[in-house]
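Trainee: I have a model open and want to learn to read it. Can we go through it together, piece by piece?

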Amino acid sequence: MSISLIGASINESATLKINEMAAILKAKGEPVIHLGGGEPKTRAPIDAIVSATGYMNTGAVRYTPADGTPEMKKAIIRYTEEFYDKKIAPENVMASGGAKQSLMVALQAILNPQDEVIFPAPYWVSYPEMVKLCGAIPVPAYPEDGTFYPRLQDIEQLVTSYTKAVIINSPNNPSGAVYSEEFIAGIVEFCERKGLYLIMDDIYHRLIFDGKKPINSYNYAKDHTENSKLIVVNGVSKQYSMTGFRIGWAVANKKLIEVMTNIQGHQTSGPSSVMQKAAVGAINGVQSCVESLRMTLENNRNVMMDQLNAFEGVRAYKPDGTFYTFADFSVYGKDSTRLAHLLLDKVRVAVVPGVEFGMDGFLRLSTCGSVKEITEGIERIKWALDPNSPNELYIGNRKLTRDWI
Ligand SMILES: Cc1ncc(COP(=O)(O)O)c(C=O)c1O
């Protein structure tokens, strides 16, 4: 079979794979604890459901403009005013089938083969693959001080004549780090000065803890004209617990949005009309669901930290936001894929190997689930890895005997 070079270079999504493996085991009745997920477990807002079902009941479910319905754009414009204090026109907005598609289309609109795109590590699993899909080259920036918080020089030193764009994701998947105001201000100024595109992936921007405030990149931009190369991506998936609805968006200069819309028009004809209705319902509806999710996630983060801090050998870093914890398990083996498979195989706990985010020896543990899932999940992991634990463990009435360490 003949496969394109680009097609053959694309890896399977590690997070989707672990979800699938866990789902298969669960369907067989296995007592799986899912600490691998990337979606909140709360219900979608009622305003989203009412809005979408009302539209569906008309029976007239049609194509929409490729960049989104006027109503959808209006909701995004209002959102941008409220959360970014930024006034934009409908021509500055494109709605997509998820933030993922907005990111992909933005990259397709700006990259030529061999261009380079820099992003701090650890990074979201899809960035390298998306860049590769454009025939371009992903360039991860590892913070030199070994933290999850990049400094401007970590990015600066990787810039070459091929560099076209920088992607910043804060709060960060997988580390939960919220980058400093100083860093965001610096990177906005740097990209403007160097003429680089700056893509801000703000998908987790309202899910932050400890009284921190989301950092608004527009506050540090000097160029507010239609020449600006700042692209801000967001969506309903995480904050409104609407991952399956698949609606996200990009805000950028009018010319770029026009090009992105042309691309998207040929790829998908634009996002689903039903799901745009749902997203409009969520954005314009009662917002208390976001704060209640945020508070639950902060509590879950605290529970996860208590559990991990009591886990000798594991180095845990307190996340500032999101629903992930990225912990160093390297004392139990540098090969995080092997470790993740061992945990699913032996104690039925799903986690995502750190190597997929650019850091082997780490595991990404999700805090989307219940407190019970977090505590029991970490207890099982501890039992599986710590030779000082008792030799046996009960999961329900199933007795496990540890014979692998
Ligand atoms: C950093 C980051 N950006 C974008 C996305 C994609 O979001 P969406 O579901 O809106 O496509 C995700 C989803 O996991 C993510 O973690």
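Trainee: Which residues of H12 are buried?

Mentor: This is a predicted model, so keep that in mind. Helix H12 covers residues 336-347 and has 12 residues. A residue counts as buried if 20 or more other C-beta atoms lie within 10 Å of its own. In H12 the buried ones are Ser336, Leu339, Ala340, Leu343, Leu344 and Val347.

Trainee: Why are the buried residues on the same side of H12?

Mentor: Look around the helix axis. The buried residues are on the same side of H12 because they cover an arc of only 130°.

Trainee: What do the buried residues of H12 pack against?

Mentor: Both helices and strands take part. The strands are S10 (349-350), S11 (352-353) and S12 (362-366). The helices are H2 (14-27) and H13 (371-385).

Trainee: Which residue just after H12 takes a positive phi?

Mentor: Most residues other than glycine have a negative phi. Just after H12, a positive phi of about 60° appears. The residue is Arg348.

Trainee: How many residues of H5 are buried?

Mentor: Helix H5 runs over residues 99-110 and reaches 17 Å from its first C-alpha to its last, close to the 16 Å expected. The buried residues include Lys100, Gln101, Leu103 and Ile110. H5 is mostly covered, and the count is 11 of its 12 residues.

Trainee: At what angle do the axes of H3 and H10 cross?

Mentor: Two packed helices are described by the angle between their axes and the distance between the axes. Here H3 (residues 46-56) and H10 (residues 273-284) have axes that come within 7 Å. Their crossing is right-handed. The angle is roughly 145°.

Trainee: How many residues of each class are in the contact of H3 with H10?

Mentor: From H3, the contact residues include Val50, Ala52 and Tyr55. From H10, they include Val274, Ala278 and Val280. By class, the contact has 9 nonpolar, 2 polar and 2 charged residues.

Trainee: Which residue does a cis peptide bond join to Ala121?

Mentor: Most peptide bonds are trans. At Ala121 the bond is cis, with omega about -5°. The partner lies in the loop between strand S3 (116-120) and helix H6 (126-133). That partner is Pro122.

Trainee: What is omega for the cis peptide bond that joins Ser170 and Pro171?

Mentor: Start with the place. Pro171 is in the loop between strand S5 (163-169) and helix H8 (181-194). The cis bond from Ser170 to Pro171 has an omega of about 0°.

Trainee: Is Gln114 buried or exposed?

Mentor: Gln114 is in the loop between H5 and S3. Its phi is positive, about 80°, although Gln114 is not a glycine. Exposed means 12 or fewer C-beta neighbours. Gln114 has 10 inside 10 Å, so Gln114 is exposed.

Trainee: And is Ser269 buried or exposed?

Mentor: Ser269 lies in the loop between helix H9 (254-267) and H10. Phi of Ser269 is positive too, near 65°. With 12 C-beta neighbours inside 10 Å, Ser269 counts as exposed.

Trainee: How far apart in space are Thr261 and Pro65?

Mentor: Thr261 is in helix H9. Thr261 is buried, with 23 other C-beta atoms within 10 Å. Among the residues Thr261 touches are Ala66 and Met94. Thr261 and Pro65 are 196 residues apart in sequence, yet C-alpha to C-alpha they are apart in space by 9.2 Å.

How values were computed. Residues numbered from 1 in each chain as written. Predicted model: local features only at pLDDT ≥ 70, side-chain atom pairs only at ≥ 80, totals over all residues. Axes fitted to C-alpha atoms, helices over the stretch in contact; angles between N-to-C directions. Helix = DSSP H or I, 4+ residues; strand = E, 2+ residues; numbered from the N terminus. Left-handed = near helix turned anticlockwise from the far one by under 90°. Contact = placed C-beta atoms within 7 Å. Nonpolar A, V, L, I, M, F, W, Y, C, P; charged D, E, K, R; others polar. Expected span 1.5 Å × (residues − 1). Arc of directions from axis to C-beta. Lists of a residue's contacts leave out its neighbours within four places in sequence.
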